[in-house]
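Thanks for coming. I have one structure to go through today, and I will keep it short. Please look at it on the screen first.

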Amino acid sequence: MSMHLASDPELEVKVKKATERISENMHIVANEPSLAFYRLQEHVRKALPPMVEKRVEVTKLHHELQGRCYDVEYAVGAVKSMEGAEESLTNIQELLKNAVFLRQQIKYEEARRNKKESGSVYKRLSAHITLDLPDLPELSDALRETASRVESMMAHATTRHSAGAELQRSHTMHQ
């Protein structure tokens, strides 16, 4: 068998195209890893700064959230401790009611006393007594002052006795 080397132009074109494709594929395969690393580096360079910023923001929010959780725990503790104060607050409320009632009693007694004083016999009497002592003007003033003191002492003794009895009665009735 003899080898015959004949040149077939169509075959040469096909062989040339095939070798170019193989060469191109070899070039792509040889350079593909470096291209992939370049793309990765480009992606990391673009994506890393915003990701770092987000991480810093998340850390800051985490610290704020921990602070708020502490505040909520403190508030819950305060509310729970207030539940124990219910009895004391009820006692205070009762004492305030009694104080308001007693103050109303005192106002009533003061109004009654003022009404009595305006109609007091001593006041009416001292207002009608006029002493014309031209030589001794101090004596007339002294008499008025003494009458006023006697009247005040009498009114004070009367109201003290009646107010004490009424307050004692009303206080025992409310308990």
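**Salt bridges, helices and surface**

Glu-94 and Lys-97 are joined by a salt bridge, with 3.7 Å between the closest N and O atoms. A salt bridge here is a side-chain nitrogen of Lys or Arg within 4 Å of a carboxyl oxygen of Asp or Glu.

Before the rest, the ground rules. This is a predicted model, where local features need pLDDT of at least 70 and side-chain atom pairs count only at pLDDT 80 or more, while totals for chains, interfaces and linings use all residues. Residues are numbered from 1 along each chain as its sequence is written, and side-chain values use heavy atoms, with hydrogens and water left out.

Back to that pair. Glu-94 and Lys-97 are about one helical turn apart, because they are three residues apart in helix α2, residues 86-118. Helices are DSSP runs of H or I with at least four residues, strands are runs of E with at least two, and both are numbered from the N terminus. Glu-94 counts as partly exposed because its relative accessibility is 39%, and Lys-97 counts as partly exposed at 48%. The cut-offs are under 20% relative accessible area for buried, over 50% for exposed, and partly exposed in between, with a 1.4 Å probe and protein chains only.

How many salt bridges does the count come to? Four, by this rule. Another of them joins Lys-14 to Glu-10, at 3.7 Å between the closest N and O atoms. Both residues lie in helix α1, four residues apart, about one turn of the helix, and both are exposed. Glu-42 and Arg-39 also meet in a salt bridge, at 3.5 Å from N to O. They are separated by about one helical turn because they sit three residues apart in α1. Arg-39 is partly exposed, at 48% relative accessibility.

Now helix α1 itself. It covers residues 9-83, which is 75 residues, and spans 104 Å from first C-alpha to last, close to the expected 111 Å. The expected span is 1.5 Å times one less than the number of residues. Where does α1 bend? At Glu-32, by about 45 degrees, and Pro-33 follows within four residues. The bend is the angle between axes fitted to the seven residues ending there and the seven starting there.

On the surface, Val-44, Leu-48, Met-51, Val-52 and Val-56 make a nonpolar patch of about 460 Å². Val-52 is in helix α1, and at 45% relative accessibility it counts as partly exposed.

For the whole protein, there are four helices and zero strands. Of its 175 residues, 6% are buried. About 16,000 Å² is exposed, with carbon and sulfur atoms supplying 62% of that. Accessible areas come from the Shrake-Rupley method with a 1.4 Å probe, and for residues only the protein chains shown count as cover.

Last, confidence. The mean pLDDT of the protein is 77, and 69% of its residues reach 70 or more; pLDDT is the predictor's confidence in each residue, from 0 to 100. Among the elements, α1 has the highest mean, 89, and helix α3, residues 121-128, the lowest, 54.

Notes:
Patches are made of residues with over 30% relative accessible area and no salt bridge: like charges are joined within 9 Å, nonpolar side chains (Val, Leu, Ile, Met, Phe, Trp, Tyr) within 5 Å.
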